[in-house]
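Dear colleague,

I am passing on the structure we spoke about, with the sequence alongside, and would ask you to look at both before reading my notes. What I found is set out underneath.

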Amino acid sequence: TKSTTKSYSHASTSDTPWEILINDMGKKDLSDDVSQGVLFEKTENENAPLVKTFDNENRYTLINGRYILSHIKTGIMLIDPIRAHWRILYEKLCHNMSSRGSLSQQILFTVKLDLDASQMLVFQEIEEELSVLGFQFDRDDKGSITVIGVPVGVKESEVQSFIDRMIDDYKAGNPSTKEEMDENIAKSLSYSMCIKNTSALSQSEMQNIATDLFECTDPAIAPNGKPTFVKIGIDELEKKFN
């Protein structure tokens, strides 16, 4: 899923990992290296090719079932797929909320929400924003709320837990502005939707995560402010062997 949103992104400093990567690689975009499998530049060997590529079919390695290892021109990169997927979904949801362009899908079996009185009060505050995200609600004569539609990617079995989490996160975040409310809800839903089990990621899934991450507005950090990837340069690797 690609996102072109410029809204709700975290402020970046001039020393972010993403900008350091760009500076290291000059004008060449990192996503090109990720997609083309570029490994090394020519160094002291004048007869060596300008770049060396590795197997296109196995360009990513899953380390300990948890981190994606990828080769780049200036060294190696480790991606946290959970945080990366969270960033990807977060930016997509923020874009949808700002453009009011969310996609909704009807669910085969409707879900009646089980909310206590305090949850109901919070739900009423965020109902409009949830509708913008793609949730569709219906009320009966007694005021009970039934979910009849959900954002694309949300399963029927997850609806209650998603709503519960967004209510809890909204209360904990205590947003004071509409922008903070949107950001709070987008963070909560995108985290609920992002992958949690990374142990069986395929090559295509790892490639999609890497490609989509570096098409984000702010790929270097997850919505919680923690890094989505780390880079280890060739110089640093060589020092390990000295």
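I begin with a local detail in the strand pairing: Arg 139 has Ile 145, in β8, as its bridge partner. Please bear in mind throughout that this is a predicted model. The two strands concerned are β7, covering residues 136-139, and β8, covering residues 145-151, which run antiparallel and are joined by 4 bridges. The hairpin that they form has 5 residues between the strands, and in that hairpin Gly 143 adopts a positive phi near 90°.

Strand β7 also takes part in the aromatic contacts, of which the chain has 4 pairs by the rule applied here. In one of these pairs, Phe 123 and Phe 137 meet edge-to-face, with 5.0 Å from centre to centre and 85° between the planes. This pair links distant parts of the chain, since Phe 123 belongs to helix α4 (residues 117-133) while Phe 137 belongs to strand β7, the two being 14 residues apart. Both Phe 123 and Phe 137 are buried, and together with Phe 135 they make up one aromatic cluster.

Two further rings have a charged side chain over the face: Arg 66 is placed over Tyr 67 at 4.9 Å from the ring centre, and Lys 196 is placed over Tyr 191 at 4.6 Å from the ring centre.

Turning to the sheet, I find an open arrangement of 4 strands in the order β3-β4-β5-β9, paired in the antiparallel sense. Its edge strands are β3 (60-63) and β9 (229-233), each of which pairs on one side only, and neighbouring strands of the sheet are turned against each other by 25° on average, direction ignored. Within it, β5 (residues 75-79) and β9 are held in antiparallel pairing by 5 bridges, and Gly 75 stands opposite Gly 233 of β9. Helix α7, residues 203-213, lies across β3, β4 (67-72), β5 and β9, and runs at about 100° to β3.

As for the chain as a whole, it contains 8 helices and 9 strands, and 42% of its 242 residues are buried. Of the contacts between residues at least 6 apart in sequence, 69% join residues at least 24 apart. The chain exposes about 13,100 Å², and carbon and sulfur atoms supply 49% of that area.

With best regards

Notes. Residues numbered from 1 in each chain as written. Predicted model: local features only at pLDDT ≥ 70, side-chain atom pairs only at ≥ 80, totals over all residues. Heavy atoms only, no water. Pairing = 2+ DSSP bridges. Phe/Tyr/Trp six-rings, centres within 6.5 Å; stacked < 30°, edge-to-face > 60°. Buried < 20%, exposed > 50% of the residue type's maximum accessible area, 1.4 Å probe, protein only. Lys NZ or Arg CZ within 6 Å of the ring centre and 35° of its normal. Contact = heavy atoms within 4.5 Å. Areas by Shrake-Rupley, 256 points an atom, 1.4 Å probe, with all protein chains shown as cover. Axes fitted to C-alpha atoms, helices over the stretch in contact; angles between N-to-C directions.
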